[in-house]
Amino acid sequence: SAIKWFANLTGASGATVKSYNVSGSSRSATGRYTITLSSKMSDADWVPGACAQDTAQTTVTVTAISTNTISVLCEAGGGADKDPTQVYVWGMGDLG
């Protein structure tokens with residue numbers, strides 16, 4: 001399946017830099033971001049992808065997923081929550 005949505009977020013604020021099929025994004029705390037989709041996926045079993053751009057090792061973990069939202073957590077190499085320079089998140093599956 002082709003990518004149905006994507007978001008490029010600024011790490012410090014969670015603001016959307018570029019996106020497709022995304023109605024909004026937010027940063028709730030250091031390293032914690034939620035993306036809301038414009039069009040829902042057909043179910044919550046779609047395939048997410050996420051990565052970060054930064055000068056040091058950063059791990060990105062999907063912490064919640066539904067038909068119209070995804071939440072991710074970015075952590076530094078030692079496990080502390082971290083705001084990377086950029087956060088990239090996308091999804092593949094069927095739109096509902």
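**Cysteines and a sheet in a predicted model**

A search of the whole structure, which is a predicted model, turns up zero disulfides.

Q: Why is there no bond between the sulfur of Cys51 and the closest cysteine sulfur?
A: A disulfide needs the two sulfur atoms within 2.5 Å. The closest cysteine sulfur to that of Cys51 belongs to Cys74, and at 9.5 Å it's too far for a bond. Look from the other end and you get the matching story: Cys74 is in no disulfide, with the sulfur of Cys51 as its nearest, 9.5 Å away.

Q: What makes Cys74 count as buried?
A: Buried means under 20% relative accessible area. Cys74 comes in at 0%, so it counts as buried.

Q: Why is Cys51 called partly exposed?
A: You'd need over 50% to be exposed and under 20% to be buried, with partly exposed in between. Cys51 has 33%, so partly exposed is the label that fits.

Now for the sheet.

Q: Why is one side of β2 and of β5 left without a neighbour in the sheet?
A: The sheet is open, and its four strands go β2-β1-β8-β5 with antiparallel pairing. That puts β2 (16–20) and β5 (47–53) at the edges, each with a single partner strand, so one side of each has no neighbour in the sheet. From one strand to the next, the twist averages 10 degrees.

Q: How do you know that β5 and β8 pair?
A: Pairing takes at least two bridges. Seven bridges join β5 to β8 (residues 86–92), so the two strands pair, and they run antiparallel. Gln53, for instance, has Gln86 in β8 as its bridge partner.

Terms used. Residues are numbered from 1 along each chain as its sequence is written. This is a predicted model: local features need pLDDT of at least 70, side-chain atom pairs count only at pLDDT 80 or more; totals for chains, interfaces and linings use all residues. Side-chain values use heavy atoms; hydrogens and water are left out. Axes are lines fitted to C-alpha atoms, for helices over the stretch in contact, and angles run from 0 to 180 degrees between N-to-C directions. Buried means under 20% relative accessible area, exposed over 50%, partly exposed in between (1.4 Å probe, protein chains only).
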